[in-house]
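Work through the exercises below with the sequence and the model open. Each task is followed by a solution in steps.

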Amino acid sequence: MNEIKIVADLHVHTISSGHAYSTVAEIIEVAAQKGLEAVAFTDHGPAMPGGPHRYHFGNLYILPEKEKNVEILRGVEANIIDKDGSLDLPVQCLRLLDIVWAGLHIPCFQPSTRNINTKALLNALDNPYVDGIVHPGNPDFPIDETALVQAAAKKGKLLEINNSSFIARRGSKTGCREIARLASRYGAPVALNSDAHLAREVGCNEESLALAVESGISSEQIINSNLELLKDFLQKRGKKRFLRR
Ligand SMILES: [Zn+2]
Ligand SMILES: [Zn+2]
């Protein structure tokens, strides 16, 4: 029986992503029903085919900060588009958001050598607006896991254990397990997210939580296992909304 509870889902897609099927209202409804304390709307960046224009992100401030007792975070799952770690969203948008994820996706970044894939992620982590890396265990993009986890630990940035990886990204378990093992060893902060593309998936974290626990990751390392921990993290990351608390 594991005692860690995930109170926030920090990676969720709405219909704005083009290949996800639920609205903001439907997602908040499910989050509230499941007793989540926070949910982050993190649609794909503009380089994803069918993804939103950058104006989508510039206008996210109109979402309420809290609804049905669920804190609403405005975010993005930005695409890394080159080995320099460039993102598909300008700084003017990134600086407005509560949470910025960066990740490698095939339509936006052709899988390359282990060295180049790793460089792309490390360079993205160097971007001051990037809070963490999504699904680093993806087998489509072989990486130097140790280098990534050490960099994340040093910078205090998040590595995601993505619950959908075990379903949508075949063969992810080995990479995810390695990331989790190294995160436990080097003390990198992690987030356990659903990556929901349908409202009913919001808050699903059974497999990622089991993997985190079996890898020896502590609850203090799991940023979304406690709302105060999450808010402290976002405050330390300099997010405007949490600075004025
Ligand atoms: Zn997607
Ligand atoms: Zn996603």
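Contact here means heavy atoms within 4.5 Å. The model is a predicted one.

**Exercise 1. Describe the surroundings of asparagine 117.**

Step 1. Place the residue: asparagine 117 belongs to helix H4, which covers residues 114-126.

Step 2. Check its accessibility. The relative accessibility of asparagine 117 is 0%, so the residue counts as buried.

Step 3. List its contacts, setting aside neighbours within four places in sequence. Asparagine 117 then touches Leu104, Phe109, Pro111, Ser112, Phe141, Pro142 and Ile143.

Step 4. Look for a polar partner. The backbone nitrogen of serine 112 is 3.0 Å from the side chain of asparagine 117.

**Exercise 2. Find which residues are the protein donors of the zinc ion (ligand 1), and where two of them, histidine 19 and histidine 197, lie in the chain.**

Step 1. Identify the donors: His19, His44 and His197 each supply NE2, at 2.0 to 2.2 Å from the zinc ion (ligand 1).

Step 2. Locate the pair. Histidine 19 sits in the loop between strand S1 (8-12) and helix H1 (24-33), and histidine 197 in the loop between strand S8 (190-193) and helix H8 (206-214). The two are 178 residues apart, so the pair links distant parts of the chain.

Step 3. Write the spacing of the donor residues in sequence: H-x24-H-x152-H.

Step 4. Classify the two histidines. Histidine 19 is partly exposed at 28% relative accessibility, whereas histidine 197 is buried at 17%.

Step 5. Note the other ion: the zinc ion (ligand 2) is 4.5 Å from the zinc ion (ligand 1).

**Exercise 3. Explain why cysteine 108 has no bond to cysteine 93.**

Step 1. Recall the chemistry: a disulfide is a covalent bond between the sulfur atoms of two cysteines.

Step 2. Apply the cut-off, which is 2.5 Å between the sulfur atoms. The closest cysteine sulfur to that of cysteine 108 belongs to cysteine 93 and is 16 Å away, so the distance is too far for a bond.

Step 3. Count for the model: zero disulfides.

Step 4. Treat cysteine 204 likewise. Its nearest cysteine sulfur, in cysteine 176, is 16 Å away, and cysteine 204 is in no disulfide.

Step 5. Add accessibility: cysteine 108 is buried at 12%, and cysteine 204 is partly exposed at 31%.

**Exercise 4. State how S7 and S8 run and how many bridges join them.**

Step 1. Strand S7 (residues 158-162) and S8 run parallel, joined by four bridges.

Step 2. Isoleucine 161 is opposite leucine 192 of S8.

Step 3. Val190 and Leu192 point one way from S8, Ala191 and Asn193 the other way, and all are buried.

Note on methods:
Residues numbered from 1 in each chain as written. Chains lettered and ligands numbered in written order. Predicted model: local features only at pLDDT ≥ 70, side-chain atom pairs only at ≥ 80, totals over all residues. Heavy atoms only, no water. Buried < 20%, exposed > 50% of the residue type's maximum accessible area, 1.4 Å probe, protein only. Donors = N, O, S within 2.8 Å, 3.2 Å for Na, K, Ca; no water. Polar contact = N/O pair within 3.5 Å; in protein donor to acceptor, adjacent residues only side chain to side chain. Pairing = 2+ DSSP bridges.
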